[in-house]
Amino acid sequence: MLDPRIKAIEHRLSQVNNIIAVSSGKGGVGKSVIASILALILAKKGYKVGLIDLDFTSPSTHLILGVKELFPEEKEGIVPPTFENIKIMSIIYFSKDKTLSLRGQDFSDSFLEILAITKWGKLDYLILDMPPGINDATLDVIRYIRKVKFIIVTTSSILSLATAKKLIDALNILKIGIIGIIENMKSEHTHSVKDKLDKLETEFLGETSFDPELEKCFGNTQMLLKTKMAVEMEEIVNKILNVKVYE
Ligand SMILES: Nc1ncnc2c1ncn2[C@@H]1O[C@H](COP(=O)(O)OP(=O)(O)OP(=O)(O)O)[C@@H](O)[C@H]1O
Ligand SMILES: [Mg+2]
């Protein structure tokens, strides 16, 4: 029998124009920071923005943005609280500081549940902060959110790049749109990954530098928007707004 949550998700996302998964394959490359800053910049530009933290076991976006003591309102579903003009959904509202370790089907159930009950309303952009790995979350997102498009974050490390290429391959095979690649933690000692992407036919969206000041701005969106990383992201966001990805 068809899981009724699948239809519910379609309905809940029916007024969301663009859904962007910030993914990487490899862990710790800056997905959560980039997803959070992307949401902030889009909201600042006046777009209606939602952000969902799909890293159920180690959610981070609430810490990056400084979301505290908020809880969704129940109203024929749940309405994500608005913070800095962003509708933010995170498992942290329910799990608080408790450890939440989820294996396979339990992850999928939480994923289906949270997306089936969340009322986004009209949104221009919904940003998905993906957990690391090309596994449950990636497969569920592709399976249940057909209109999703991916931004892939990588560092210049061959370890990160090798996984990014695998993710690109998988998305191409499944005909899932890729908006492009962002190189994070760029330093003067690293070679740009741009030159290494030729054969992948994937848009290079730009670089964000390794920023030693970043960490102290977590929890304060005004400070965060002034970081070198956020300033560099502004240009990348303009590119994202203009990239045409096949449907
Ligand atoms: N441009 C940057 N400059 C300096 N530090 C950064 C930068 N980008 C991310 N970081 C730091 O790197 C760490 C990993 O960042 P983040 O949590 O966003 O990565 P992630 O890809 O979401 O990780 P995970 O795979 O665990 O979800 C954090 O401590 C973050 O503060
Ligand atoms: Mg993360």
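Visitor: Where is the kink in helix 9 centred, and how many degrees does it come to?

Guide: This is a predicted model, and in it helix 9 has a kink of about 25° centred on Glu234.

Visitor: What span does helix 9 reach from its first C-alpha to its last?

Guide: Helix 9 covers residues 228–242, 15 residues in total, and reaches 22 Å. The span expected at 1.5 Å a residue is 21 Å, and the value for helix 9 is close to that.

Visitor: Which residues of helix 9 are buried?

Guide: An α-helix has 3.6 residues a turn, so residues three or four places apart point the same way. In helix 9, the buried residues are Met229, Ala230, Met233, Ile236, Val237 and Ile240.

Visitor: What do the buried residues of helix 9 pack against?

Guide: They pack against two helices and two strands: helix 2, helix 8 (221–226), strand 9 and strand 10 (204–209).

Visitor: Why does Met229 count as buried?

Guide: Burial is judged by counting C-beta atoms around a residue, and 20 or more within 10 Å make it buried. Met229, which lies in helix 9, is buried because 22 other C-beta atoms are within 10 Å.

Visitor: Which residues does Met229 touch, leaving out those up to four places away in sequence?

Guide: Met229 touches Ile37, Thr208, Ser209, Asp211 and Leu214. As for a residue it is paired with by distance, the C-alpha atoms of Met229 and Asn18 are separated by 23 Å, and the two are 211 residues apart along the chain.

Visitor: Where is Val141, and is it buried or exposed?

Guide: Val141 is in helix 6, residues 136–144. With 21 C-beta neighbours inside 10 Å, Val141 counts as buried. Beyond four places in sequence, Val141 touches Ala21, Leu128 and Val148. The C-alpha atoms of Val141 and Phe111 are separated by 8.8 Å, with their positions 30 residues apart along the chain.

Visitor: How is Ile176 classed, and where does it lie?

Guide: Ile176 is in the loop between helix 7 and strand 9. It has 19 other C-beta atoms within 10 Å and is therefore partly exposed; the cut-off for buried is 20. Not counting residues up to four places away, Ile176 touches Ile142, Val148, Phe150 and Leu171. Ile176 and Ile41 are 135 residues apart in sequence, and their C-alpha atoms are 25 Å apart in space.

Visitor: Which residue in the loop between helix 7 and strand 9 has a positive phi although it is not a glycine?

Guide: That is Lys175, with a phi of about 60°. Lys175 lies in the loop between helix 7 (158–173) and strand 9. With 9 C-beta neighbours inside 10 Å, Lys175 counts as exposed.

Visitor: What is the phi of Asn85, and where does Asn85 lie?

Guide: Phi of Asn85 is near 65°, a positive value in a residue other than glycine. Asn85 lies in the loop between strand 5 (82–83) and strand 6 (86–90). There are 14 other C-beta atoms within 10 Å, so Asn85 is partly exposed.

Visitor: Is Lys96 buried or exposed?

Guide: Lys96 counts as exposed, with 8 C-beta neighbours inside 10 Å. Its place is in the loop between helix 4 (92–95) and helix 5 (104–117). Lys96 and Leu115 are 19 residues apart in sequence and 19 Å apart from C-alpha to C-alpha.

Visitor: Which residues come nearest to ligand 1?

Guide: There are 21 residues around ligand 1, and Gly27, Gly30, Lys31, Ser32 and Pro132 come nearest. The shell divides into 8 nonpolar, 9 polar and 4 charged residues.

Visitor: Which element supplies the largest share of the shell around ligand 1?

Guide: Helix 2 does, with 3 residues. Helix 2 (31–44) and strand 9 (177–186) each supply at least two.

Visitor: How many helices and strands does the protein chain have, and what share of its residues is buried?

Guide: The secondary structure comes to 9 helices and 10 strands. Of the 247 residues, 41% count as buried. Among contacts with a separation of 6 or more, 75% are between residues 24 or more positions apart.

Visitor: Why does the radius of gyration agree with a compact globule?

Guide: A compact globule of 247 residues would have a radius of gyration near 18 Å, and the protein chain has 17 Å, which agrees. Along the principal axes, the C-alpha atoms fill a box of roughly 50 × 40 × 35 Å.

Key. Residues are numbered from 1 along each chain as its sequence is written. Chains are lettered from A and ligands numbered from 1 in the order in which they are written. This is a predicted model: local features need pLDDT of at least 70, side-chain atom pairs count only at pLDDT 80 or more; totals for chains, interfaces and linings use all residues. A residue is near a molecule or strand if its C-beta atom, placed from the backbone, lies within 6 Å of it. Helices (H or I, at least four residues) and strands (E, at least two) are DSSP runs, numbered from the N terminus. Ala, Val, Leu, Ile, Met, Phe, Trp, Tyr, Cys and Pro count as nonpolar, Asp, Glu, Lys and Arg as charged, and the others, Gly among them, as polar. The expected span of a helix is 1.5 Å times one less than its number of residues. The bend at a residue is the angle between axes fitted to the seven residues ending there and the seven starting there. A residue is buried if 20 or more other C-beta atoms lie within 10 Å of its own, exposed if 12 or fewer, and partly exposed in between; C-beta atoms are placed from the backbone. Two residues are in contact if their C-beta atoms, placed from the backbone, lie within 7 Å. The radius of gyration is taken over C-alpha atoms; the globule rule is 2.2 Å times the number of residues to the power 0.38.
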